[in-house]
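Me: I'd like to learn how to read a structure like this one. Could you walk me through it?

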Amino acid sequence: MNDESALVPVEQKEVQFYGDTIIAVRVEEGDVFVPVRPICDLLGVDWSAQRRRIVRDPVMGAEAMSVAITAT
């Protein structure tokens, strides 16, 4: 995950996730991204450990990126 290449969303929407609300964003290319950190927080899982696992994984690591989200 490289913060220098953070994507800028064109649409941001709150989505229900098992009774909780998370934010999903759509970027200009049409792809939809969901930040993993809030999901980790909701599940009570350590974010830093999950981030290391994601970066190490050959598939998820290649797709992982930063997205600029506006907190409300």
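Reply: Sure, we'll go through the sheet, a charged pair and an aromatic pair. Keep in mind that this is a predicted model.

Me: Let's start with the sheet. In what order do the strands lie?

Reply: The order is S1-S2-S3, with 3 strands making an open sheet and antiparallel pairing. Strand S1 (9-17) and strand S3 (32-33) are at the edges with a single partner strand each, so one side of each has no neighbour in the sheet.

Me: How many bridges join S1 to strand S2?

Reply: There are 8 bridges between S1 and strand S2, which covers residues 20-27, and the two run antiparallel. For one position to look at, find Glu14, which sits opposite Ile23 in S2.

Me: What about charged side chains?

Reply: The general idea is that side chains of opposite charge can pair when their charged atoms come close. Here the count is 1 salt bridge. Arg26 pairs with Glu11, and their closest N and O atoms are 3.0 Å apart. This pair links distant parts of the chain, since Arg26 belongs to strand S2 and Glu11 to strand S1, 15 residues apart.

Me: How accessible are Arg26 and Glu11?

Reply: Arg26 is partly exposed at 32% relative accessible area, and Glu11 is also partly exposed, at 37%.

Me: And which way do the rings of Phe17 and Tyr18 meet?

Reply: A search of the whole structure turns up 1 aromatic pair. The ring centres of Phe17 and Tyr18 are 5.1 Å apart and the planes are at 90°, so the pair counts as edge-to-face. Phe17 is partly exposed at 25% relative accessible area, while Tyr18 is exposed at 78%.

Key: Residues are numbered from 1 along each chain as its sequence is written. This is a predicted model: local features need pLDDT of at least 70, side-chain atom pairs count only at pLDDT 80 or more; totals for chains, interfaces and linings use all residues. Side-chain values use heavy atoms; hydrogens and water are left out. Two strands pair if DSSP finds at least two bridges between them. Helices (H or I, at least four residues) and strands (E, at least two) are DSSP runs, numbered from the N terminus. Rings of Phe, Tyr and Trp (its six-membered ring) pair if their centres lie within 6.5 Å; planes under 30 degrees apart count as stacked, over 60 as edge-to-face and the rest as tilted. Buried means under 20% relative accessible area, exposed over 50%, partly exposed in between (1.4 Å probe, protein chains only). A salt bridge is a side-chain nitrogen of Lys or Arg within 4 Å of a carboxyl oxygen of Asp or Glu.
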